[in-house]
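Q: Got a minute to look at a model with me? I'd like to go through it piece by piece.

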Amino acid sequence: RIPIPDLNEERRKELQKIAGKYAESAKVAVRNVRRDAMDALKKSEKDKEISEDEHKRLSDEVQKMTDNAVSKVDKMLADKEKDIMVV
């Protein structure tokens with residue numbers, strides 16, 4: 001067994017910063033996926049595979065999914081920060 005001491009206030013704040021960094025990297029990953037999807041939609045429209053109206057509709061749908069994913073990441077971060085600060 002390895003004895004692990006209780007977390008002090010300083011270490012808790014450090015863990016919050018680390019959790020924030022992970023959340024930010026998750027948001028960046030979500031935005032990169034959105035960028036790739038938007039590029040694919042632009043290419044499809046340019047190649048006349050989809051119409052302009054369909055491009056607009058799909059772009060809005062991609063944006064909604066992106067916003068949903070970012071809000072989930074924010075909620076998970078808030079929950080985790082609350083868990084970390086509980087003594």
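Q: Let's start at the end of the chain: is V87 buried or exposed?
A: V87 is exposed, with a relative accessible area of 90%. Keep in mind that this is a predicted model.

Q: Where does V87 sit?
A: V87 is in the segment after α2.

Q: And how far is V87 from L7, C-alpha to C-alpha?
A: Their C-alpha atoms are separated by 8.2 Å, with the two positions 80 residues apart along the chain.

Q: OK, step back a bit. How many helices and strands does the protein chain have?
A: There are two helices and zero strands.

Q: What does the C-alpha trace span along its principal axes?
A: About 65 × 20 × 20 Å. The radius of gyration fits that picture: the chain has 20 Å, while a compact globule of 87 residues would be near 12 Å.

Q: How much of the chain counts as buried?
A: Of the 87 residues, 21% do. The chain exposes about 7,200 Å², and carbon and sulfur atoms supply 55% of that area.

Q: What about charges? How many positive and negative side chains are there?
A: There are 21 positive and 20 negative ones, and the centres of the two sets lie 4 Å apart.

Q: Now the helices. What span should α1 have, going by its residue count?
A: α1 has 38 residues, so at 1.5 Å a residue it should span 56 Å. Its end C-alpha atoms are 55 Å apart, which agrees.

Q: And how far does α2 reach?
A: α2 covers residues 52-85, which makes 34 residues, and reaches 49 Å from its first C-alpha to its last. That is close to the expected 50 Å.

Q: Which residues of α2 are buried?
A: H55, S59, V62, T66, V70, V73, L77 and I84.

Q: What do those buried residues pack against?
A: They pack against α1, residues 9-46. Going the other way, the cover over the buried residues of α1 includes α2.

Q: Which α1 residues are buried, then?
A: R12, Q16, A19, A23, K27, V30, M38, L41 and S44.

Q: Why would residues three or four places apart point the same way in a helix?
A: Because an α-helix has 3.6 residues a turn.

Q: Let's zoom in. Why does T66 count as buried?
A: Because its relative accessible area is 7%, and the cut-off for buried is under 20%. T66 lies in helix α2.

Q: What does T66 touch?
A: Setting aside neighbours within four places in sequence, T66 is in contact with V30 and R34. V33 is 33 residues from T66 in sequence, and the two are 8.6 Å apart in space, C-alpha to C-alpha.

Q: And Q16, is it buried or exposed?
A: Q16 is buried, at a relative accessible area of 19%. That residue is in helix α1.

Q: Which residues does Q16 touch?
A: E81, I84 and M85, not counting residues up to four places away in sequence.

Q: I84 again. How far is I84 from E9?
A: They are 9.8 Å apart, C-alpha to C-alpha, and 75 residues apart in sequence. E9 is in helix α1 and is partly exposed, with a relative accessible area of 43%.

Q: What share of the contacts between residues at least 6 apart joins residues at least 24 apart?
A: That share is 68%.

Q: Different kind of pair: how far apart are K42 and L15?
A: Their C-alpha atoms are separated by 41 Å, and the two are 27 residues apart along the chain. K42 is in helix α1 and counts as exposed, at 53% relative accessibility.

Q: Last topic, the loop between α1 and α2. Which residue there has a positive phi?
A: K48, which lies in that loop. K48 takes a positive phi of about 65 degrees just after α1.

Q: Why point that out?
A: Most residues other than glycine have a negative phi. K48 has its positive phi although it is not a glycine.

Q: Is K48 buried or exposed?
A: K48 is exposed, with a relative accessible area of 73%.

Methods:
Residues are numbered from 1 along each chain as its sequence is written. This is a predicted model: local features need pLDDT of at least 70, side-chain atom pairs count only at pLDDT 80 or more; totals for chains, interfaces and linings use all residues. Side-chain values use heavy atoms; hydrogens and water are left out. Helices (H or I, at least four residues) and strands (E, at least two) are DSSP runs, numbered from the N terminus. The expected span of a helix is 1.5 Å times one less than its number of residues. Buried means under 20% relative accessible area, exposed over 50%, partly exposed in between (1.4 Å probe, protein chains only). Contact means heavy atoms within 4.5 Å. The radius of gyration is taken over C-alpha atoms; the globule rule is 2.2 Å times the number of residues to the power 0.38. Accessible areas come from the Shrake-Rupley method with a 1.4 Å probe; for residues, only the protein chains shown count as cover. Lys and Arg count as positive and Asp and Glu as negative; His and the chain ends are not counted. The place of a charge is taken as NZ of Lys, CZ of Arg, CG of Asp or CD of Glu.
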